[in-house]
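Please look through the structure shown here, a strand and a helix at a time. The paragraphs after it start with the sheet and then move outward to helices and single residues.

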Amino acid sequence: MVETKAFKDVMFNIYKSISGEKKYLEEHNVSLQGASQEENLDSLMRRAKRTSFKLLVMGRFSSGKTSFINVLLGEKLLAEDALPATALITEIYYGKNKRVVMYPKKGKWKGGDEPFEIEPTLSEIKKYSTIDNTASFNKKEANRVDSCFEKMVVYWPLEILKEGVVIVDSPGTDDPYSNDYIVEQYVPKADAVIYCMNAMQTYTGVDRATLGSINSIGFQNPIILTTYFDIVSKDMTAQERHDFVNICNHRYASHTREEFCHYINSKQGMEAKRGGSQSALVESGYYELEKFLTKYLTEYKGREKASAAAAAVKSYNQGQKKVVKSIIANVDKPLEKFDDCINRAKKNLDQARQQGELIVREFRVELKKSKEQIKNNLIPQLYQGLYDNTDLDDFEPNTDFTIWHPQNSSRQIAEECSKEIEMRNKKYVADWSRDVLMPAVTNAVEQAVSKMRRQFDAFDNDIHSASLNLDMEAAEIQTDVHTGTRVAMVVYALTTGDWMTALMGGIFGAGGFGRTVACQFIAGFVVGIISLFTPVGITAIIIASIAGLIAGQGWNIMSAPKSIKRKVAEETRSKIEERKEEIINKASAECEKIFDDLESKLRQAVEDDIFEVEVQIQKLLAERAGNEAEADRRKQELSGVLNYLEQVDAQMDDIRQSFDVA
């Protein structure tokens, strides 16, 4: 059982503090609006109430993902197959009673758009969740699966789920029907990732590329499961098994730490669960794995969530304290001086608004030339690389050709060749995105930011001056240029390339929006570009290959595999060449979207910086109008508010320390 009591207690204490603060501020007539348009105490309370963990299980098809989940459930519930089987995302929640609910895609399901229940049995689940089943709910469409359903939700009386853990099963990341896009859309929603690899074919190029993408999105230490370990190790000595594990751990080291690597035997694990054998469960690797998941979710992910929630409260309070101090300084100021103060602040704010528009406009202009160069020069190189990469001279299929079953064996060889080409193309695109596109875009942004330094300085100074004119203490806001505003954080993240700091910085208030943008930027083009390319329909290639072989003369055991490889490669190149314009156009559109998103996020950061000062002015005006006759009393009351906010900040520090959060 996952013991999450400590984590839940911490989150409840944070929630209680936020709730108490909201009541206190309302009683003392302090506006609850935070420093950005999305920031308020209600959103912080919702965040503190989110105590569940989404655990995404992913990997190549037939890597043992579903077998692993079935062992956790103690029952063969989800479909397992040597071929790609899973057509959609499956979420597994705790429930006293076993239930399965299907969520249709709008307008796709003949029974309507509302969720409906099905029998919680393997046969019924297969009908609704697997690829190309007899009911035809998930049809193969060229090289994609067109499903009627958004997801399947399972409720199961499993102890590991009881405290809020949600396990998510996903389609294979390199199946022939290109369901990668389903998984890629889900990764950012997950709290933790389990990546499965088949011990008989571990750490392939596809695995390396996928793990690299997982790391870039922010999961620095995904859990890596090496499945079917019993099969590769059954004839090994103890020393050989030890050496095999060490070699694998060394390979995985660039993606995760050794303690995050586990080796499991799902067949033995299922037998142990069904037979209630503790010793067999230990031997299968599942006992230690489940213990590790307990520790991982509470000590790693629990601390991250608690830290994020506490830091968000402190960030909100920082903005509130700024405003309260401004109000105290202005509430009894002579009306003439007060009006002068407000007017000067508004003037600086108008200047900042103009500078903000100039920044966004110049940013667009500066990047336009680089964007066109990337589209005109690099994108065609991507296409050419894909075309040239379609080569199988060094590939040997595992299937042997036999004259006794020529069609079946040739079909299997063609399938292997098609999958190999697809994996090579995906790896090429991933490597190209990382090694060519990413540096080009980053360099373009760095050059633009360098040329625009004066504009960023002017905007930063105007925002600071507006706050200073509202009589904030200089020490409170006189931070280093390019570190004080959201716009500055955009600049910081894009010019330093500190993407992980950018991601984690997203929880820390001012500047967080911009820093989060940086990580979305890098993850977006890597995942987005990869998802564009599944250039060949496997069925068409196989049929063409077999037809060509059957029609040919002198077909024999020695030449058949070579002929199939050549035919598949030729068909693939032909299909890629046919789609040249489409591939280039799609990649160009994705490139365009990258730059549009950067401009949009920069604009949002500018607007949020301006919004913060506008809110400050509005609060000052409201306070002045409502409390002019009793300024002394209001000043004392607001001093009490300041003290209260300081106490809440101290509570957040105590909470984080008590939960051992750095």
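**The sheet and its surroundings**

Nine strands form an open sheet: 9 strands in the order 4-3-7-2-8-1-9-10-11, with mixed pairing. The edge strands are strand 4 (116-118) and strand 11, each of which pairs on one side only. From one strand to the next, the twist averages 25°. This is a predicted model, and the sheet belongs to a protein chain with 22 helices and 11 strands.

A good place to begin is strand 9. In the sheet order, strand 9 stands between strand 1 and strand 10. Strand 1 (residues 53-59) is joined to strand 9 by 5 bridges, and the two run parallel. One pair to find in the model is L56 with its bridge partner V193 in strand 9. On the other side, 5 bridges join strand 9 to strand 10 (residues 223-227), and these two also run parallel. Here Y195 has I224 of strand 10 as its bridge partner, and M197 stands opposite T226 in strand 10.

Is strand 9 enclosed or open to the outside? A residue counts as buried when its relative accessible area is under 20%. In strand 9 (residues 192-198), 7 of the 7 residues are buried, so the strand is largely enclosed by the rest of the structure. The two faces can be checked separately. A192, I194, C196 and N198 lie on one side, V193, Y195 and M197 lie on the other, and all of them are buried. Both faces of strand 9 are therefore covered, as 7 of the 7 residues being buried requires.

Strand 10 can be read in the same manner. Of its 5 residues, 5 are buried, and the strand is mostly covered. I223, L225 and T227 point one way from strand 10, while I224 and T226 point the other way; all are buried. Strand 10 also pairs with strand 11 (residues 261-263), in the parallel sense and over 3 bridges. L225 has H262 of strand 11 as its bridge partner. With strand 11 the edge of the sheet is reached.

Strand 2 (residues 89-94) is where I89 is placed. In the sheet order, strand 2 stands between strand 7 and strand 8. I89 is buried, with a relative accessible area of 3%. I89 and M152 are 63 residues apart along the chain, and their C-alpha atoms are separated by 6.4 Å.

The helices come next. Which residues of helix 4 (residues 122-129) are buried? They are E124, I125, Y128 and S129. These residues cover an arc of only 110° around the axis, which puts them on the same side of helix 4.

Helix 2 (residues 41-49) and helix 11 (residues 286-330) show how two helices can be set against each other. Their axes come within 10 Å and cross at roughly 170°. An angle over 145 degrees counts as roughly antiparallel, so helix 2 is roughly antiparallel to helix 11. From helix 2, the residues that make the contact are L41, L44 and R47; from helix 11, they are A308, A309, A312, V313 and Y316.

In helix 12 (residues 335-388), one residue to look up is N348. N348 is buried, with a relative accessible area of 12%. Leaving aside residues up to four places away in sequence, N348 touches D462, S465, A466 and N469.

The cysteines can be checked next. How many disulfides does the structure hold? The number is 0. C248 is in no disulfide, and the nearest cysteine sulfur, that of C261, is 8.7 Å away. A disulfide would need the two sulfur atoms within 2.5 Å. C248 is buried, at a relative accessible area of 1%. C591 also counts as buried, with 1% relative accessibility.

Two values describe the protein chain as a whole. Of its 662 residues, 54% are buried. Among the contacts with a separation of 6 or more, 79% are between residues 24 or more positions apart. The contacts of N348 with D462, S465, A466 and N469 can be looked up in the model as examples of residues that touch.

Notes:
Residues numbered from 1 in each chain as written. Predicted model: local features only at pLDDT ≥ 70, side-chain atom pairs only at ≥ 80, totals over all residues. Heavy atoms only, no water. Buried < 20%, exposed > 50% of the residue type's maximum accessible area, 1.4 Å probe, protein only. Helix = DSSP H or I, 4+ residues; strand = E, 2+ residues; numbered from the N terminus. Pairing = 2+ DSSP bridges. Arc of directions from axis to C-beta. Axes fitted to C-alpha atoms, helices over the stretch in contact; angles between N-to-C directions. Parallel < 35°, antiparallel > 145°, perpendicular 65-115°, else oblique. Contact = heavy atoms within 4.5 Å.
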